[in-house]
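Open the model in your viewer and keep the selection panel at hand. The tour goes from the cysteines to a pair of helices.

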Amino acid sequence: MEIISENKAFGGVQGVYGHRSHTTRCEMTFGLFLPEEARDGPVPVLWYLSGLTCTHENAMVKAGAQTWAAEQGIALIFPDTSPRGDDVADDDAYDLGKGAGFYVSATEKPWAPHYRMWDYIAEDLPSLVQEEFPLDMTRQSISGHSMGGHGALTLAMAHPGRYRSVSAFAPICNPTGADWGRKQLQAYLGDDTGQWAAHDASVQMAERGFDGPILIDQGADDQFLDLLRPETLAAAAATRRQQMIHRMQPGYDHSYFFVSTFMEDHVTFHAEALYAD
């Protein structure tokens with residue numbers, strides 16, 4: 001693992017690190033904020049998955065999460081959104097290829113050799129960070145924005161008992177039923193729509209739900225609302241009687257101004273779960 005940068009922040013350290021991933025088969029970069037409490041021993045972990053076109057840096061710089069994580073004594077991990085490198089397949093469109101890994105592990109050419117973000121987030125990166133940093137991996141939660149909200153929800157439901165809570169800002173809730181999803185799932189996973197269901201939060205909510213608390217914030221003036229389809233997740237949760245707070249926020253859009261406005265609520269929400277006995 002390579003230290004790219006480390007800066008003191010809110011009494012802790014905001015670092016950026018690089019490593020060779022055996023799942024994505026390329027060099028990967030991630031951000032990690034360690035609060036001051038990490039000097040004395042392992043601290044709880046909150047994963048934050050970013051959205052389309054983003055890198056590890058977007059939320060790390062724009063979301064203001066470190067302020068509240070430092071207050072709660074929680075580590076923050078900011079992974080990248082896709083593999084990177086000259087030999088990594090890409091597409092001219094912003095919503096496919098680099099920056100648009102969609103948190104799936106691709107099976108189709110030309111994506112399969114590197115686009116294995118599901119395995120990277122679920123197995124590879126957790127193995128690395130628990131070896132290198134003072135993190136309490138028995139206390140993990142996960143969050144994300146847009147494409148990252150989709151990833152957070154599907155990963156949480158697919159790994160019962162791993163994450164104590166899950167939240168999302170404007171998640172892509174029903175990718176099998178929207179243009180933000182069908183295109184990418186077909187490209188990465190092929191024509192068998194049966195393989196897509198594991199990566200649809202609304203389908204997974206209906207089929208299995210989540211064994212913990214969920215918080216969703218959605219801007220009512222989000223310019224991508226028809227692509228996000230929040231009503232499908234809300235309906236699936238209501239039918240399942242899943243515990244979930246789903247808030248439509250009047251006047252807010254899809255930007256990091258929206259995310260940063262409600263970040264304190266999300267970090268506090270996760271802290272309650274992470275520190276629960």
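Begin with the disulfides: the count comes to 0 in this structure, which is a predicted model. The cut-off for a disulfide is a pair of cysteine sulfur atoms within 2.5 Å.

Select cysteine 26 and show its side chain. The closest cysteine sulfur belongs to cysteine 54 and lies 18 Å from the sulfur of cysteine 26, so the two are too far apart for a bond. Cysteine 26 is buried, at a relative accessible area of 2%.

Next, select cysteine 173. Here too the closest cysteine sulfur is in cysteine 54, and because the distance is 17 Å, it is too far for a bond. Cysteine 173 has 1% relative accessibility and counts as buried.

Now leave the cysteines and select residues 65–72, which form helix 2, together with residues 256–274, which form helix 9. How do these two helices pack? The axes of helix 2 and helix 9 are 9 Å apart, at an angle of about 30°. Angles under 35 degrees count as roughly parallel, and helix 2 and helix 9 are therefore roughly parallel to each other. Their crossing is right-handed.

To see the contact itself, show side chains on both helices. From helix 2, pick Ala65, Trp68, Ala69 and Gln72; they meet Met263, Glu264, Val267, Thr268 and Ala271 of helix 9. Coloured by class, this contact of helix 2 with helix 9 shows 6 nonpolar, 2 polar and 1 charged residues.

Definitions and conventions
Residues are numbered from 1 along each chain as its sequence is written. This is a predicted model: local features need pLDDT of at least 70, side-chain atom pairs count only at pLDDT 80 or more; totals for chains, interfaces and linings use all residues. Side-chain values use heavy atoms; hydrogens and water are left out. Axes are lines fitted to C-alpha atoms, for helices over the stretch in contact, and angles run from 0 to 180 degrees between N-to-C directions. Helices (H or I, at least four residues) and strands (E, at least two) are DSSP runs, numbered from the N terminus. Angles under 35 degrees count as roughly parallel, over 145 as roughly antiparallel, 65 to 115 as roughly perpendicular and the rest as oblique. A crossing is left-handed if the near helix is turned anticlockwise from the far one by less than a right angle, and right-handed if clockwise. Contact means heavy atoms within 4.5 Å. Ala, Val, Leu, Ile, Met, Phe, Trp, Tyr, Cys and Pro count as nonpolar, Asp, Glu, Lys and Arg as charged, and the others, Gly among them, as polar. Buried means under 20% relative accessible area, exposed over 50%, partly exposed in between (1.4 Å probe, protein chains only).
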